[in-house]
Amino acid sequence: MRLNLFWKLGFAFFALLLAVLLPIDFYAERALRRNYERAGFDELSAIARIALANPPQASSLSPSHPEESANLLSWVSRIAASGERVTVITSDGRVLADSQSDPSTMENHAQRPEVRDALANGEGQSSRHSVTINRDLLYYAVRLPVADGPPVILRFALPAQTADAELWEFRRRLWLSSFVMLLVTGAASLLISRSFSDRVDRLTKFSRRVAEGDFRPIEADRSGDGMEALGVSLNETAARLDRTIQTLTEERNLSSAILGSMVEGVAVVNASERLVFANPGFAEILSLDVPPQSGRALVEVVRQTELIEAVRQVLKGEPRVEAEIVTGTLRQRFFAATVASVRAADASGAVIVLHDITELRKLERVRRDFVANVSHELRTPLTAIQGFSETLLAGAIDDPQNRVRFLEIILEHSKRLARLTDDLLMLSKMDADRLNLEISRLSVSQFVESCVETTQRPAAEKKLRISVHLPERMPDIAADRQRLAEILQNLLDNAIQYTPPGGQIMVSASADGDEVTISVSDTGIGIPQADQPRIFERFYRVDVARSREVGGTGLGLAIAKHLVEVHGGRIWVDSEVGQGSQFHFTVPIFDTERAPSRNGR
């Protein structure tokens, strides 16, 4: 279990106190013991001087006069009256007398350190355990010369228990006072350490809150020390982090919003050819259900080899590579890919930007087709007019049988040329937004019937039956009558031209919400599924030969589409080869409150 700061400080204080008290106890005990021993030796030295001032009779010290031992014993008893132990030892170590033991039972003392020192130096001392009386004693010995004989040793001893008792009493008082001091200072230090650890815990919890994103400032403790300064510094740091994170978050959200709303595809690849980021536009361009996850390999997501090769060139050191990729099979889309090198700190990678240029390529193709088709469409009538005119000038004008037929052909091609010119002029106005509409309130039934009535004659010539199916109550529509008639008339003309004799054409209408849908159905040859998306393009023909045979310019449906769109509607076709076609277009219902008197486009 990990110890918190409070217990660490408490244990540290306790260990410090023990580290101070134990050396004090050790060195004080030794110093006091030395002092007690010095005092004891001084006391024994004084007793020795007194004894030397009143020595025993020389006769009692001679081993040859054992009858004098009683006198020596008496002298020893007098000297030891104050409690010291007195021993008389011969130079060869034999004990002559002892104040506390029977000399006959005592061993030879010649090897006692104090005895050896006294014989050698005149005095000696030691502190050791006495085997005779089984006690610790302080020994002091002096050499006493004896006339006409070897010297004797007078040894004086004091028990060491007195010093031990004094030392124990001192140590007891020392430890008692130390314990009291430990309690007092320990309590104070614990309070201080508790306060300190609480402040540290507050700062720790605050730092954890900051790490979790909670930047509320911590309340200052007003202590005036370094901890308060640390708290103020942490508050300032948290405030700066909060501002920095808010700024980064706003920038990230702005960047995410920009990248997410871009129609261009944007992706970032690291040096290992793995995706770091991809916006929804990138996934949409590559026909992915969701944006690819970060970390996926680029080859797992991208199937276009041109794009992968461009990325690899940039990762190898090229600063910028541009390429063009194509997606899809039936409906191809073209994209200009720009791959640029990017470096951040020690990392490197590449940024991929995909620009949709499908419309640009489509416009380029339409422009090429338009120029080619216009040139071709103009060449045919001009060639016919020129050829027949030259034929007439060459002498055919005098041929009454053929000149009328030649002039009729010239007139027919000139009319075709005029129709083509009118259609091109119409498209030009539409492209330049210079087509004016006279919006008015129209009755659907009256409008449809007038257009159908105009078409009845050419339909009857081809043995086609035209029928009208309209609901009884049909809301009025808001449209330009002339332009709307061009739309319906164009659809009826196409139905007549591409429906075999004996077929049927039906015009119907229905109201749905705020618009009316007008439909023209026929039982003609139908339109292949692959051609249906392009039939509203300029000069596009499903059957080129048949279209020119019937005099079509290839611009009718393109004009109809433009006119429907400027009315705010839409046009589409449902067709099946051999089963006929159904063209539908919508027109807004007339609204009295919002109806303008004139709408210019």
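Select K463 to begin: this residue is exposed, with a relative accessible area of 66% (buried means under 20% relative accessible area, exposed over 50%, and partly exposed in between, with a 1.4 Å probe and protein chains only). K463 is found in the loop between α12 and β13 (helices, H or I with at least four residues, and strands, E with at least two, are DSSP runs numbered from the N terminus). The phi of K463 is positive, about 60°, although the residue is not a glycine. Most residues other than glycine have a negative phi.

The model is predicted: local features need pLDDT of at least 70, side-chain atom pairs count only at pLDDT 80 or more, and totals for chains, interfaces and linings use all residues. Residues are numbered from 1 along each chain as its sequence is written, and side-chain values use heavy atoms, with hydrogens and water left out.

**A second positive phi**

Go next to E273, in the loop between β6 (265-270) and β7 (275-278). Here too phi is positive in a residue other than glycine, with a value near 60°. E273 counts as partly exposed, because its relative accessibility is 22%.

**Helix α12 and the P475 contact**

Select helix α12 (residues 444-461), which contains S445. The relative accessible area of S445 is 30%, so this residue is partly exposed. Now add P475 to the selection: the C-alpha atoms of S445 and P475 are separated by 9.6 Å, while the two residues are 30 residues apart along the chain.

**Salt bridges**

The structure holds eleven salt bridges (a salt bridge is a side-chain nitrogen of Lys or Arg within 4 Å of a carboxyl oxygen of Asp or Glu). Side chains of opposite charge can pair when their charged atoms come close. Three of these pairs are visited here.

Start with R441 and D476, whose side chains meet in a salt bridge at 2.9 Å, N to O. R441 lies in strand β12 (residues 439-442) and D476 in the loop between β13 (465-469) and β14 (477-480), so the pair ties together parts that are 35 residues apart in sequence. R441 is exposed at a relative accessible area of 52%, whereas D476 is partly exposed at 23% relative accessibility.

Select D356 and R333 next. They form a salt bridge in which the closest N and O atoms are 3.0 Å apart. This pair links distant parts of the chain, 23 residues apart: D356 belongs to strand β10 (residues 347-356) and R333 to strand β9 (residues 333-344). D356 counts as partly exposed at 42% relative accessibility, and R333 counts as partly exposed at 29%.

For the third pair, move to helix α13 (residues 481-497), where E486 and R483 are three residues apart and therefore separated by about one helical turn. The side chains of E486 and R483 meet in a salt bridge of 3.2 Å, N to O. Which of the classes, buried or exposed, applies to R483? With 14% relative accessibility, R483 counts as buried, while E486 is partly exposed, with a relative accessible area of 28%.

**A nonpolar surface patch**

Select L176, F179, V180, L183 and V184, which form a nonpolar patch on the surface with about 480 Å² of accessible area together. Patches are made of residues with over 30% relative accessible area and no salt bridge, with like charges joined within 9 Å and nonpolar side chains (Val, Leu, Ile, Met, Phe, Trp, Tyr) within 5 Å; accessible areas come from the Shrake-Rupley method with a 1.4 Å probe, and for residues only the protein chains shown count as cover. F179 lies in helix α5 (residues 161-211) and counts as partly exposed at 46% relative accessibility.

**Helix α4**

Select A120 in helix α4 (residues 113-121). A120 counts as exposed at 56% relative accessibility. Its C-alpha atom is 8.8 Å in space from that of R143, a residue 23 residues away in sequence.

**An enclosed space**

A search of the whole structure finds two cavities of 30 Å³ or more. On a 1 Å grid over the protein atoms alone, a cavity is a set of points where a 1.4 Å probe fits but cannot get out, and lining residues have an atom within 4 Å of a point. Grid points are joined across faces, edges and corners, and a volume is the space filled by probe spheres set on the points.

To finish, select R85, H109, R112, R128, S130, V131, T132, Y139 and R155, which line the second largest cavity. About 40 Å³ of space lies in this cavity.

Technical notes. On a 1 Å grid over the protein atoms alone, a cavity is a set of points where a 1.4 Å probe fits but cannot get out, and a pocket is an open set with protein on both sides within 12 Å along at least five of seven lines; lining residues have an atom within 4 Å of a point.
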